[in-house]
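Please explain how the parts of this structure are arranged against one another, working from domains to the interface between chains and then to local backbone features.

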Amino acid sequence: MSLLKYESQQREPLVDGNKDYHQITEDIIGPIEMKPGRLWYIGFFISVGLLLFGVYSVYREVVYGVGQWNLNKTIGWGWDITNFVWWVGIGHAGTLISAILLLFRQGWRTGVNRAAEAMTIFAVMCAGQFPIWHMGRVWMAFFVLPYPNTRGPLWVNFSSPLLWDVFAISTYFTVSLLFWYSGLLPDFATVRDRAKTKFRKLMYGMAAFGWTGSTKHWQRHESLSLVLAGLATPLVLSVHTIVSFDFATSVIPGWHTTIFPPYFVAGAIFSGFAMVQTLLIVVRKMMNLQDYITIGHIEAMNKVIVLTGSIVGCAYLTELFIAWYGQNPYEWYAFSQNRANIFTPYGWSYWIMMFCNVVSPQLFWSRKLRRNITVTFFMSIIVNIGMWYERFVIIVTSIYRDFLPSSWSTYYSPSTWEIGFYLGTFGLFFTCFFLFAKYFPVIAVAEIKSILKTSGENYKARMTDMEKEDAEKFYLDEVEHAH
Amino acid sequence: MAGGIKKFVVGCFADEKVLFPAVKNVRRAGYKIHDVYTPFPVHGLDHAMGLRETSIHTAGFIYGILGTTTALTFMSWIFTKDWPLNIGGKPHFALPAWIPITFELTVLFSAVGMVITFCYLCNLAPFIKKHHFHPRATDDLFVMAIECTDKTDDAAVQNFLQEAGATEINVQIAESGWWIGRYDKEQKLYRDEKGY
């Protein structure tokens, strides 16, 4: 009688080493019970420093106005909206990993979903800063909320893509947070039950909401996760679709295209996975989690990167073709001159984008390079640079040459405080991430335990014997246990 | 929910392979399993224990519908009755343009509602104190708690668990209030399910 579920030996183990349930707890909860190392402190204080610089940059922007940024009448959207779309895009991988891969029953997500979801939440927090502070009179930010007021009541415009964005981003943030936190409850309970000091017991006890591990609770928890995944899947697609509507519903050449929603979603997943790679390669090393975030996990994510990178590449070429084929002179001018012509003021940015997003990920067709950590780390940064440039290209090259040549803008480059704001969001992101790595279980402990017996290295080794077993008997065993 | 002090015989199992037959045997012998606490979701354990299916997803659907109707009625009331805005001469009732917000609110209502329902049903909240039968139930042990009544011979139950393969067995007295669980309603009796 074996409760070992059979999984093909062709599949790589997802948990390396000779592990049992207790060992998994030790490996993942252990590091957060120790004092952090020197590297953690260095990283944390650099992040806090960046955050403070960002706070000062924003302070100047609030006190002196949006004039602190080098925007002008023609280029009214510059770095801020570029950074907004870039961060939102990064915030898509977490939900993709936890929700879509859950629906597709991909076991490898269990090793990376917790950190990826955390990354999602922090990235969306960073993204939200840009539209809020760009309002200028930020103390009136609540005007975007539809509430009965004494100004008429003057309501918000529900037909405006910018308002859709308000709803989409805030819903996305809330749902991601709930999904993440409901998954964290059982793991916080594990930390609580191991805690030695009274303070830890109190803090993690509060965080765990009194989780006991009751079978009925698990049953509901499973159902909850599945439905939240089912909700988050269309949600994650809708969020970047709506972000792309900010551009696509306008009549600016280069923006007014129907390809935007799928192209933005693919790009978001592309950049999100790249950021997950950057972070996890550091985390697995720093916290000795190589057994849980294996080369196999990294390879799986690289496959997603090459797939989505190619979709994005396809979209770039389609866009270019349609601009020519559509015979709209403005559209074709935006593409052939403002973008693809390297000798125009922003031509260089288009080719950086093309190189980083379309050419470089093709390296990952090679299995050897997909499984090389140094190459992956380097590539993950290249991809994120490329995706930043994609947004920059879309925004700036479409608007810097207005319909009227007299309105053509002079060369736009960001001011110190504009760059400072961007660096500040990096500070916010990494400050949150370092705190997460110190105080939270960075890998979903309970989920790893649930796949151990099908995908653990030591258990997989035993499957040779099972292959000799009678299939019918094995099936009957399974059925008998399940019911 | 009847409160008061209750006695439980607690058996710990190291492996789910041993746990499954034990659950079956304990139920067949007519003992009442108060609950089994596991470090991760063990698939099929709810069926083995004879627990009812959860209907939390139905709640999620209802919350979702509530979100859809809230969004649609709210936006159409505002744009057709309360303050009709002329936006480029387009119809006031601009249904296609409201779909994104309607969708977002559907998801938001459903997700928030389900999580609150989940926490309510499982009695989860910060500062909730519950009786934990074994601290390693969240680590690597599968902990079965059997409820004793006045008539139960707890020595017999302990022997029974020993034979079933439990590694650590003890008797615990815990206050059975609303925070321990509400399984009296949830659990079907073995004889009802199997017909004997």
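In this predicted model, 9 residues of domain 1 of chain A are in contact with 10 residues of domain 2 of chain A. On the side of domain 1 that touches domain 2, the residues divide into 4 nonpolar, 1 polar and 4 charged. Both domains are assembled from two stretches of chain A, with domain 1 covering 1-14 and 456-477, and domain 2 covering 21-143 and 156-455. Their C-alpha centres lie 38 Å apart.

Between the chains, 55 residues of chain A are in contact with 61 residues of chain B. On the chain A side, the elements that give two or more residues are α1 (21-33), α6 (161-194), α8 (215-248), α16 (445-455) and α19 (471-482). Of these, α8(A) gives the most, with 16 residues. By residue class, the side of chain A that touches chain B divides into 26 nonpolar, 22 polar and 7 charged.

Turning to chain B, helix α5 (residues 154-164) shows how burial can be distributed around a helix. B:Val157, B:Phe160, B:Leu161 and B:Ala164 are buried in this helix, and, seen down the axis of α5(B), its buried residues fall within an arc of 95°, so they line one face of the helix. The general geometry is helpful here: an α-helix has 3.6 residues a turn, so residues three or four places apart point the same way. The face of α5(B) turned away from the buried side carries the exposed residues B:Ala155, B:Asn159, B:Gln162 and B:Glu163. Just after α5(B), the backbone at B:Gly165 takes a positive phi of about 110°.

Positive phi values also deserve attention in chain A. As a general background, most residues other than glycine have a negative phi. A:Arg105, however, is a residue other than glycine with a positive phi, near 55°, and it is found in the loop between α4 (93-103) and α5 (109-134) of chain A. Is A:Arg105 buried or exposed? With 7 other C-beta atoms within 10 Å, A:Arg105 is exposed.

A second case in chain A is A:Gln327, again a residue other than glycine, whose positive phi is near 60°. A:Gln327 is found in the loop between α10 (295-325) and α11 (329-339) of chain A, and with 8 other C-beta atoms within 10 Å, A:Gln327 is exposed.

Notes: Residues are numbered from 1 along each chain as its sequence is written. Chains are lettered from A and ligands numbered from 1 in the order in which they are written. This is a predicted model: local features need pLDDT of at least 70, side-chain atom pairs count only at pLDDT 80 or more; totals for chains, interfaces and linings use all residues. Two residues are in contact if their C-beta atoms, placed from the backbone, lie within 7 Å. Helices (H or I, at least four residues) and strands (E, at least two) are DSSP runs, numbered from the N terminus. Ala, Val, Leu, Ile, Met, Phe, Trp, Tyr, Cys and Pro count as nonpolar, Asp, Glu, Lys and Arg as charged, and the others, Gly among them, as polar. A residue is buried if 20 or more other C-beta atoms lie within 10 Å of its own, exposed if 12 or fewer, and partly exposed in between; C-beta atoms are placed from the backbone. The arc is that of the directions from the helix axis to the C-beta atoms. Domain bounds come from an automatic or database domain assignment.
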